[in-house]
Amino acid sequence: MTLEEFIKLFAAEFDNTAEDVFTAKTNYKSLDEWSSLVALSIISMVDEEFDKRLTGADLRSMDTIEDLYNLILTK
């Protein structure tokens with residue numbers, strides 16, 4: 001999966017944020033819609049799409065969507 005494909009999947013987990021807000025450098029934790037519920041959705045999406053386990057600590061330790069993508073690739 002490419003970074004661009006991951007960004008689209010990541011953006012799909014947000015209901016009220018415009019898709020054009022999401023880029024590789026987006027700091028997802030600064031988005032108004034970011035919440036623990038969205039975080040759980042991201043963890044679930046990564047499990048389904050990559051068959052890899054993300055933790056809340058993983059999400060907290062990353063800043064951008066690209067950082068998170070790179071972390072997933074190393075798991």
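**Note on the predicted four-helix model**

1. Aspartate 67 has a relative accessibility of 31% and therefore counts as partly exposed. This residue belongs to helix 4. The coordinates come from a predicted model, and every remark in this note should be read in that light. Between the C-alpha atoms of aspartate 67 and glycine 56 the separation is 14 Å, with the two positions 11 residues apart along the chain.

2. Overall fold. The protein contains four helices and zero strands. Read from the N terminus, the order of elements is α-α-α-α. Helix 1 covers residues 3–12, helix 2 covers 36–50 and helix 4 covers 65–74, while helix 3 covers 56–61.

3. Overall dimensions. For 75 residues, a compact globule would be expected to have a radius of gyration near 11 Å, and the value for the protein, 11 Å, agrees with this. Along the principal axes, the C-alpha atoms occupy a box of roughly 30 × 25 × 20 Å.

4. Burial and surface. Of the 75 residues, 40% are buried. The exposed area of the protein is about 4,500 Å², and carbon and sulfur atoms contribute 49% of that area. Taking contacts between residues at least 6 apart in sequence, 53% connect residues at least 24 apart.

5. Charge. The side chains include 7 positive and 16 negative ones, and a distance of 8 Å separates the centres of the two sets. Five salt bridges are found in a search of the whole structure; three of them are taken up in the points that follow, including the pair formed by glutamate 66 and lysine 25.

6. Glutamate 66 and lysine 25. In this salt bridge the closest N and O atoms are 2.6 Å apart. Lysine 25 is placed in the loop between helix 1 and helix 2, and glutamate 66 in helix 4, so the pair ties together parts of the chain that are 41 residues apart in sequence. How exposed is each partner of this bridge? Glutamate 66 counts as partly exposed because its relative accessibility is 22%; lysine 25, at 60%, counts as exposed.

7. Lysine 29 and aspartate 63. A second bridge joins the side chains of these two residues, with an N to O distance of 3.6 Å. Lysine 29 sits in the loop between helix 1 and helix 2, and aspartate 63 in the loop between helix 3 and helix 4; the pair therefore ties together parts that are 34 residues apart in sequence. Lysine 29 has 28% relative accessibility and so counts as partly exposed. Aspartate 63 is likewise partly exposed, with a relative accessible area of 40%.

8. Aspartate 58 and lysine 75. Here the side chains meet in a salt bridge at 3.1 Å, N to O. The bridge links distant parts of the chain, 17 residues apart: aspartate 58 is in helix 3, and lysine 75 is in the segment after helix 4. Is aspartate 58 buried or exposed? Its relative accessible area is 13%; since buried means under 20%, aspartate 58 is buried. Lysine 75, by contrast, is partly exposed, with a relative accessible area of 42%.

9. Backbone at aspartate 51. Which residue that is not a glycine has a positive phi? Aspartate 51 does, with a value of about 55°. This residue is located in the loop between helix 2 and helix 3. Its relative accessibility is 63%, so aspartate 51 counts as exposed.

10. Glutamate 19. This residue is found in the loop between helix 1 and helix 2. When neighbours within four places in sequence are left aside, glutamate 19 is in contact with Lys8 and Ala11. Its C-alpha atom is separated by 26 Å from that of threonine 74, a residue 55 positions away along the chain.

11. Threonine 2. The segment before helix 1 holds this residue. Threonine 2 counts as partly exposed because its relative accessibility is 35%. Serine 61 lies 59 residues away from threonine 2 along the chain, and the two C-alpha atoms are separated by 22 Å.

Note on methods
Residues numbered from 1 in each chain as written. Predicted model: local features only at pLDDT ≥ 70, side-chain atom pairs only at ≥ 80, totals over all residues. Heavy atoms only, no water. Helix = DSSP H or I, 4+ residues; strand = E, 2+ residues; numbered from the N terminus. Rg over C-alpha atoms; globule rule 2.2 N^0.38 Å. Buried < 20%, exposed > 50% of the residue type's maximum accessible area, 1.4 Å probe, protein only. Contact = heavy atoms within 4.5 Å. Areas by Shrake-Rupley, 256 points an atom, 1.4 Å probe, with all protein chains shown as cover. Lys, Arg positive; Asp, Glu negative; His and termini not counted. Charge placed at Lys NZ, Arg CZ, Asp CG, Glu CD. Salt bridge = Lys/Arg side-chain N within 4 Å of Asp/Glu carboxyl O.
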